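Me: I am new to this structure and would like to know what stands behind the terms people use for it. Could you take me through it, term by term?

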There are 2 protein chains.
Amino acid sequence: MAPPVLLDLVQQGETISLNAHETLFSEGDPVQHLYCVAEGTMVLSRYSVSGERQIMAFLFPGDFLGITFEKTFILGSETLTKCTLLRLDHSVLGEVAANDPDVWQAMSEVTWRFLRGSMELTFTIGRKSAVSRIASFLLYLSFRQGGFSSPAADISLPMGRQDIGDFLGLTIETVSRCFTKLKETGCIALPSTDRVELINVDALRAAADVVD
Amino acid sequence: MAPPVLLDLVQQGETISLNAHETLFSEGDPVQHLYCVAEGTMVLSRYSVSGERQIMAFLFPGDFLGITFEKTFILGSETLTKCTLLRLDHSVLGEVAANDPDVWQAMSEVTWRFLRGSMELTFTIGRKSAVSRIASFLLYLSFRQGGFSSPAADISLPMGRQDIGDFLGLTIETVSRCFTKLKETGCIALPSTDRVELINVDALRAAADVVD
DNA sequence: CGTACATTTGACATCCTTCAAAATGAGTGG
DNA sequence: CCACTCATTTTGAAGGATGTCAAATGTACG
């Protein structure tokens, strides 16, 4: 899934470790490194003046951070769990990219994947009810954790309810109520607070309004 | 604002004209051309299975369409007004880009600008009230129409209330009510249905929750 | 076992939507 | 130039979905 060219590159860099709920960089920090998540889960987010957080993306192993042509980060990044990351100096990336069009290609590919995700999120938040948003989110996690050919039926939730709410534009209470509702309607089971089993995927897809 | 390299390129192509409310391309169509809006206003949008429209961006003169590495469009495009566009075959773009890193650079720049806009929209829809969304939207138009150094105080609305609603995740009624509310609070004046005057920009900024 | 924190549930308020009707505005023919 | 018609916008009233506030339950960790 992740472009091999970039993986190769980033594996030449250093490995860094972070604990859960640490900040890797903040909005406005100068862009110095290209990162790749090796283990753990992170978020990219933006805060309003009043301190509200909008999570723009969840990042899982294989995802990149810092693929940008901006001088400063327009999003902040925090860990949700313990994480290990691969890090490459941006100047090195620049040098390599100047001589290797494949690197440009790969960077564009990653950027476009991110853009698609961003538009998907806009669509989800703009046009869907709370239950639909949660259902969509669970299907998204299912794909991310199992791959597109074999979506996972047993999902882990490395993020808390607050994080999910900050992603989908909902409050924790609403998130919780929607989980309960999906459980009651037989779409999912909740064996524990950080785990979801997809019981009836068709019904879940219908709830997410992605019927085809 | 628009990268000169791309403008030069696209000016070598053909000029096409469209009437108001025509479709330039639809979601899923093969990407064959790079377009640049010369005159008029357009939208990029996506439809849900139930036929609801989410507008992802408004396009004004100088904006590009079809800067993508995908084979097919992931968004559809429609005109709001009479438009003229400059069109360049994508194969030509590919050839030039292969030899000229400046073109890649410019394309990335445009992509990132679009991405920033997309995240701005996510933030607006996810975290703001109806009035805040409308206020933010008006400030956005003010910048687009006057430039960042001299935002316009007299704004034209080439889009209808439905379009604004489809952009901000609101109904036409709510959009209308918010306009009325902003008028009543002295932030704006509505000399006609497609025109807005910014009376009290500070108050509007406060309403938009972008105080700094 | 006990504390601290996250999640769930409940009751109520609020905002936005929905449905319906009135007002406004643009285009057309008399 | 004025009346007529159609589409769009505005306004009103009522309902519903989500947010807010508060309490209870559940879970992790010392």
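Me: How many salt bridges are found across the interface of domain 1 of chain A and domain 2 of chain A?

Reply: Three, by the rule used here. Please keep in mind that this is a predicted model.

Me: Why is the pair A:Asp163 and A:Arg53 called a salt bridge?

Reply: The closest N and O atoms of A:Asp163 and A:Arg53 are 2.5 Å apart. The cut-off is 4 Å between a side-chain nitrogen of Lys or Arg and a carboxyl oxygen of Asp or Glu, so the pair qualifies. Across this domain interface there are also seven residue pairs in polar contact.

Me: Which elements give two or more residues to the side of domain 1 of chain A that touches domain 2 of chain A?

Reply: Strand S5 (53-59) and helix H3 (101-127) of chain A do. S5(A) gives the most, with six residues. By kind, the residues of that side are eight nonpolar, four polar and two charged.

Me: Where do the two domains of chain A begin and end?

Reply: The domain assignment gives 4-124 for domain 1 and 128-207 for domain 2. Each of them brings 14 residues to the contact.

Me: What makes up the area buried between domain 1 of chain A and domain 2 of chain A?

Reply: That area is about 1300 Å², and carbon and sulfur atoms give 60% of it. On the domain 1 side, A:Phe58, A:Phe60 and A:Thr124 supply 46% of the area buried against domain 2, more than any other three residues.

Me: Now to the DNA. Which residues are the closest to DNA strand D?

Reply: Of the 15 residues that surround DNA strand D, the closest are A:Ala130, A:Thr174, A:Arg177, B:Arg161 and B:Thr180. Sugar and phosphate account for 64% of the strand's atoms that come within 4 Å of the protein.

Me: Why does A:Thr174 count as making a polar contact with DNA strand D?

Reply: A polar side-chain atom of A:Thr174 lies 2.4 Å from a phosphate oxygen of the strand. The limit is 3.5 Å for a pair of N or O atoms, so this is a polar contact. B:Thr180 passes too, because its side-chain N or O atom is 2.6 Å from a phosphate oxygen.

Me: What does B:Arg177 lie 3.1 Å from?

Reply: A base nitrogen of DNA strand D, reached by a polar side-chain atom of B:Arg177. With a cut-off of 3.5 Å, this pair therefore also counts as a polar contact.

Me: Which helix gives the most to the surface near DNA strand D?

Reply: H6(B), with four residues.

Note on methods
Residues are numbered from 1 along each chain as its sequence is written. Chains are lettered from A and ligands numbered from 1 in the order in which they are written. This is a predicted model: local features need pLDDT of at least 70, side-chain atom pairs count only at pLDDT 80 or more; totals for chains, interfaces and linings use all residues. Side-chain values use heavy atoms; hydrogens and water are left out. A residue is near a molecule or strand if one of its heavy atoms lies within 4 Å of it. A polar contact is a pair of N or O atoms within 3.5 Å; within protein, one must be able to donate a hydrogen and the other to accept it, and residues adjacent in sequence count only if both atoms are side-chain atoms. Domain bounds come from an automatic or database domain assignment. Contact means heavy atoms within 4.5 Å. Buried area is the accessible area (1.4 Å probe) that two parts lose on being put together, summed over both. Ala, Val, Leu, Ile, Met, Phe, Trp, Tyr, Cys and Pro count as nonpolar, Asp, Glu, Lys and Arg as charged, and the others, Gly among them, as polar.
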